[in-house]
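The exercises below invite the reader to work through a protein structure step by step. Each task is followed by a worked solution.

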Amino acid sequence: MRPLLGLLLIFIGCTFALYLLSTRLPRGPRLGSTEDTGGRFVAERRGLGIGSESLWFPSDLAELRELSEVLREYRKEHQAYVFLLFCSAYLYKQGFAIPGSSFLNVLAGALFGPWLGLLLCCVLTSVGATFCYLLSSAFGKQLVVSYFPDKVALLQRKVEENRSSLFFFLLFLRLFPMTPNWFLNLSAPILNIPVVQFFFSVLIGLIPYNFICVQTGSILSTLTSLDALFSWDTVLKLLAIALVALVPGTLIKKFSQKHLRLNKTGSTNNLHRKKGT
């Protein structure tokens, strides 16, 4: 009971801190608001007003684009605050294994550009996942084992089989597109995975995934018409995304043949979930 209470207190404290960051915004430029079909201002309804309303996590692409436009305008006068707010929101989602970090990856591309956004997402993903690792180690081991006993047992067996090449196995899991990253973050301390190997496996293994999301955000933020979609710059970016999407499969094949002990059905068939955190 004490571990659960401690985790709950930390979660409440971090949630309150993020709430203060998103509601106590320095005064920014006045932005126009459009009315929806109900006659209410969209910015007010969704909490996207700057300086008087709070900011919320986007739940779809429409809200994501609207949020990126507001933050890009606000960033002109408060660049450091937007950076702090983005990092805090990202670490909050990663640290508590909350789904939806892919939206923040896309938002990073729109706000910070393709390369700074990629660097930022790779670092934040690694740091946030490590926070999740530490929280699970301190408070969540019993909860994870009690709720996911079969998955933990399966992963434990695979980790022990590949203990001599553990780092390559962790890379394999991160590169594999259907691996549930949130579960790896929570179960890693139970499996006695060293935190240093864990950190660098996340940093390196999620580069392709982060690259695709960030590049997508960068492209969406620069499109003003359908004609812009067929510009050379956009076409080259789309080509880069397509090439990077091929990287995980190639690396998985290479690692599994040279370093790993995997059965024919793969080590993650029973862990299949959509990549979210």
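The exercises that follow concern a predicted model and treat its overall make-up, its salt bridges, a cavity and its backbone angles.

**Exercise 1. Overall make-up**

Task: Describe the secondary structure of the protein and state how its residues divide between interior and surface.

Solution.

Step 1. The protein contains twelve helices and zero strands. Read from the N terminus, the order of elements is therefore α-α-α-α-α-α-α-α-α-α-α-α, with helices counted as DSSP runs of at least four residues.

Step 2. Of the 277 residues in the protein, 47% are buried. The accessible surface amounts to about 14,600 Å², and carbon and sulfur atoms hold 65% of that area.

Step 3. Among contacts with a separation of 6 or more, 77% join residues that lie 24 or more positions apart.

**Exercise 2. Salt bridges within helices**

Task: Determine how far apart in sequence the partners Arg-65 and Glu-69 are, and likewise Lys-158 and Glu-161, and state whether each residue is buried, partly exposed or exposed.

Solution.

Step 1. The cut-off for a salt bridge is 4 Å between a side-chain nitrogen of Lys or Arg and a carboxyl oxygen of Asp or Glu. Under this rule the model has four salt bridges.

Step 2. Arg-65 and Glu-69 form one of them, with an N to O distance of 3.9 Å. Both residues belong to helix 3 (residues 61–75), and because they are four residues apart there, about one helical turn separates them.

Step 3. Arg-65 is partly exposed at a relative accessible area of 36%, and Glu-69 is partly exposed at 43%.

Step 4. Lys-158 and Glu-161 form another salt bridge, at 3.7 Å from N to O. These two residues are three residues apart in helix 7 (residues 149–161), so about one helical turn lies between them.

Step 5. Lys-158 is buried, because its relative accessible area is 5% and the cut-off for a buried residue is under 20%. Glu-161, by contrast, is partly exposed at 28%.

**Exercise 3. The surroundings of Arg-163**

Task: Locate Arg-163 among the helices and identify the residues that it touches.

Solution.

Step 1. Arg-163 lies in the loop between helix 7 and helix 8. Its relative accessibility of 29% places Arg-163 in the partly exposed class.

Step 2. The side chain of Arg-163 forms a salt bridge with that of Glu-160, with 2.7 Å between N and O. Glu-160 is partly exposed, with a relative accessible area of 43%.

Step 3. Leaving aside residues up to four places away in sequence, Arg-163 touches Gln-156, Leu-191 and Asn-192.

Step 4. The C-alpha atoms of Arg-163 and Ile-193 are 9.3 Å apart, although 30 residues separate the two in sequence.

**Exercise 4. The largest cavity**

Task: Give the volume of the largest cavity and name the residues that line it.

Solution.

Step 1. Rolling a probe the size of a water molecule over the atoms reveals where empty space remains. In the whole structure, two cavities of 30 Å³ or more are found.

Step 2. The volume of the largest cavity is about 50 Å³. Its lining consists of Leu-170, Leu-173, Arg-174, Leu-184, Ala-188, Ile-193, Phe-198 and Ser-201.

Step 3. Helix 8 (166–175) and helix 10 (195–205) are the elements that give two or more residues to this lining. Helix 8 provides the largest share, with three residues.

Step 4. Sorted by class, the lining of the largest cavity holds six nonpolar residues, one polar and one charged.

**Exercise 5. Positive phi angles**

Task: For Ala-97 and Asn-192, state the phi angle and decide whether each residue is buried or exposed.

Solution.

Step 1. Most residues other than glycine have a negative phi.

Step 2. Ala-97 is not a glycine, yet its phi is positive, at about 55°. Ala-97 is located in the loop between helix 4 (79–95) and helix 5 (101–112). With a relative accessible area of 18%, Ala-97 is buried.

Step 3. Asn-192 likewise is not a glycine and has a positive phi of about 60°. The loop that holds Asn-192 runs between helix 9 (181–187) and helix 10. At a relative accessible area of 56%, Asn-192 is exposed.

Step 4. Asn-192 has also appeared in Exercise 3, among the residues that Arg-163 touches.

Definitions and conventions
Residues are numbered from 1 along each chain as its sequence is written. This is a predicted model: local features need pLDDT of at least 70, side-chain atom pairs count only at pLDDT 80 or more; totals for chains, interfaces and linings use all residues. Side-chain values use heavy atoms; hydrogens and water are left out. Buried means under 20% relative accessible area, exposed over 50%, partly exposed in between (1.4 Å probe, protein chains only). Contact means heavy atoms within 4.5 Å. Accessible areas come from the Shrake-Rupley method with a 1.4 Å probe; for residues, only the protein chains shown count as cover. On a 1 Å grid over the protein atoms alone, a cavity is a set of points where a 1.4 Å probe fits but cannot get out, and a pocket is an open set with protein on both sides within 12 Å along at least five of seven lines; lining residues have an atom within 4 Å of a point. Grid points are joined across faces, edges and corners, and a volume is the space filled by probe spheres set on the points. Ala, Val, Leu, Ile, Met, Phe, Trp, Tyr, Cys and Pro count as nonpolar, Asp, Glu, Lys and Arg as charged, and the others, Gly among them, as polar.
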